[in-house]
Amino acid sequence: MKKIILKPSGKEIEIEEGQTILSALEVSGYALPNNCRAGACGECKAKICSGEIDQGFVLDMALPQSERAEGMALTCMAKVQSDVVEIEYATENALPKLFPPVENLRYMLTEKINVTPSIVKLRMRTLGSVMKFWPGQHITLGDESAGIPNRPYSIVNTPNLDGEIILYITKKDGGKTSTWIHEKVKIGDMLKVNGPYGTFIGDPSIERPVLCLAAGSGLAPIQSLATAAMLRGGFKQPATILFSARTNEDLIDLGHYKFLDAKFRNFSFKYTLTKDQNEDGLQGRIPEILPSLYNDLSEFSVYIAGSPDFVDNCVGAVKKLGTPEEFINTESYV
Ligand code: FES
C-alpha cells in the first residue's frame with residue numbers, strides 16, 4: 001500500500017488507491033482544516049515535500065499557479081501517485097498547529113437550556129466570520145464593559161461550517177460571569193466571544209486505549225474530542241468516558257451517551273454518582289473507584305477535565321495505576 005509521511009514528525013500513514021490525502025489523514029486521526037472538500041476554497045492546503053501527486057481539478061483562485069510551483073496542494077482533491085509522498089503536517093509531535101485567537105467575535109445566543117439544576121447549555125451562532133478551533137479548545141465569554149469578567153468555557157461541539165458554538169456553563173456561587181449567563185443573558189442577545197485557546201486537543205498520532213475522566217461541565221471538551229473521533233470513523237483503540245456526577249439530576253446528555261455506547265464498538269460510557277444511589281452501577285468518586293475498575297493504566301492515554309481538585313485527584317490516581325506523565329492531558333476550571 002502507498003504511504004504518506006508527515007513532516008517534521010516522521011509519522012507514517014497508509015493511503016488507499018483513489019483515496020484523497022485529506023481523507024487518508026482523517027481516517028488515521030489527523031485533522032486538517034477544510035471547508036468545501038471540492039478544490040474551491042483553499043482551506044485544506046498543505047505542502048508536498050517529496051513524491052508525486054495527482055492534484056485533480058481545483059480552482060485557480062484556491063490554488064494559484066505560484067503556490068503550485070512552491071509545492072502546495074489541496075489535499076481534499078489530491079491523490080498520491082508515487083509509493084511514498086512526504087507532506088508538511090503540523091509540528092514535531094504531530095499535534096495540529098493552533099489557530100491564532102481572535103477577540104470580540106460577535107455571536108448571537110440562539111438557544112439556552114437547563115441541562116442540570118446548575119448547568120445551562122448555550123448554543124451560539126456567529127454573524128461574522130467562523131472561528132476556527134480544534135476539538136477540546138475553549139473560548140472566553142463575558143462583558144467587561146459591564147463589569148462582567150471574561151471567563152473560559154470549553155466548546156462542547158466540533159468545528160463546523162455554520163460557526164456554531166455550544167457551551168455548558170455551571171453556575172458558581174459568587175461567580176459574576178456564570179451568574180450573569182444564568183440569570184441575565186437571553187436568547188437573541190449578542191455576546192462577545194474570544195478564542196480559541198488551550199492545548200487540550202489530544203494527539204491523533206497516539207495509538208493507545210483512551211480513558212477520559214470528567215466531572216460536571218468538564219464533560220464539554222471531552223464531548224468535543226470524542227465526537228471528533230467518531231466523525232473520523234470511530235475509535236481504533238478502546239475509548240471510555242467515565243463521568244462523575246453528584247445526583248441523577250446532574251447527569252448531562254445521558255441518552256446521547258447511551259446511544260453512542262451502543263453504536264460504537266470500541267466506545268463505552270460509564271458514570272458514577274457521588275451522592276444519589278446509582279441503580280446502573282458505579283458509586284463514589286472517580287479517584288477512589290478507579291483501582292477497582294483498572295489494574296493497570298500504563299498503556300493508556302488519559303484525558304481529565306473538571307475542577308482543579310477533581311483534576312489533581314484523578315491525576316494522582318492514574319499515575320498510581322501507571323499512566324506515564326506524557327500521556328496525561330488535563331483541563332481544569334478555576
Ligand atoms: S477543502 Fe476546500 S479546497 Fe480543499
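Visitor: Before we start, what counts as a salt bridge here?
Guide: You need a side-chain nitrogen of Lys or Arg and a carboxyl oxygen of Asp or Glu. Keep in mind that we're looking at a predicted model. The cut-off on that N to O pair is within 4 Å.

Visitor: Which residue forms a salt bridge with Glu164?
Guide: The closest N and O atoms of the pair are 2.8 Å apart, and the cut-off is within 4 Å. Glu164 sits in strand E12 and its partner in strand E9, so the contact ties together parts 41 residues apart in sequence. That partner is Arg123.

Visitor: And which residue does Arg123 bridge to in strand E8?
Guide: This pair also links distant parts of the chain, with Arg123 in strand E9 and its partner in strand E8, 12 residues apart. The closest N and O atoms are 2.9 Å apart. The E8 residue is Glu111.

Visitor: Which residues make up the network of salt bridges around Arg123?
Guide: Arg123 bridges to Glu111, and Glu164 bridges to Arg123. Put those together and you get a linked network. Its members are Glu111, Arg123 and Glu164.

Visitor: Is Glu164 buried or exposed?
Guide: Buried means under 20% relative accessible area, and Glu164 has 16%. For its network mates, Arg123 at 22% counts as partly exposed, and so does Glu111 at 26%. Glu164, then, is buried.

Visitor: How many bridges pair strand E9 with E12?
Guide: Strand E9 covers residues 119–126 and pairs with E12 in the antiparallel sense. Within that stretch, Arg125 stands opposite Glu164 in E12. The number of bridges is seven.

Visitor: Which strands stand at the edges of the sheet?
Guide: The sheet is open, has six strands with antiparallel pairing, and runs E11-E10-E13-E8-E9-E12. Its twist averages 40 degrees from one strand to the next. An edge strand has a single partner, so one side is left without a neighbour in the sheet; that applies to E11 (148–154) and E12 (164–170).

Visitor: At what angle does helix H3 run to E11?
Guide: Helix H3, residues 176–183, lies across E8, E9, E10, E11, E12 and E13. Relative to E11, the angle is about 80 degrees.

Visitor: Which residue meets Glu325 in a salt bridge?
Guide: This is another of the nine salt bridges found in the whole structure, with an N to O distance of 3.4 Å. Glu325 is exposed at 56% relative accessible area, while its partner is partly exposed at 36%. The partner is Lys319.

Notes. Residues numbered from 1 in each chain as written. Predicted model: local features only at pLDDT ≥ 70, side-chain atom pairs only at ≥ 80, totals over all residues. Heavy atoms only, no water. Pairing = 2+ DSSP bridges. Helix = DSSP H or I, 4+ residues; strand = E, 2+ residues; numbered from the N terminus. Axes fitted to C-alpha atoms, helices over the stretch in contact; angles between N-to-C directions. Contact = heavy atoms within 4.5 Å. Buried < 20%, exposed > 50% of the residue type's maximum accessible area, 1.4 Å probe, protein only.
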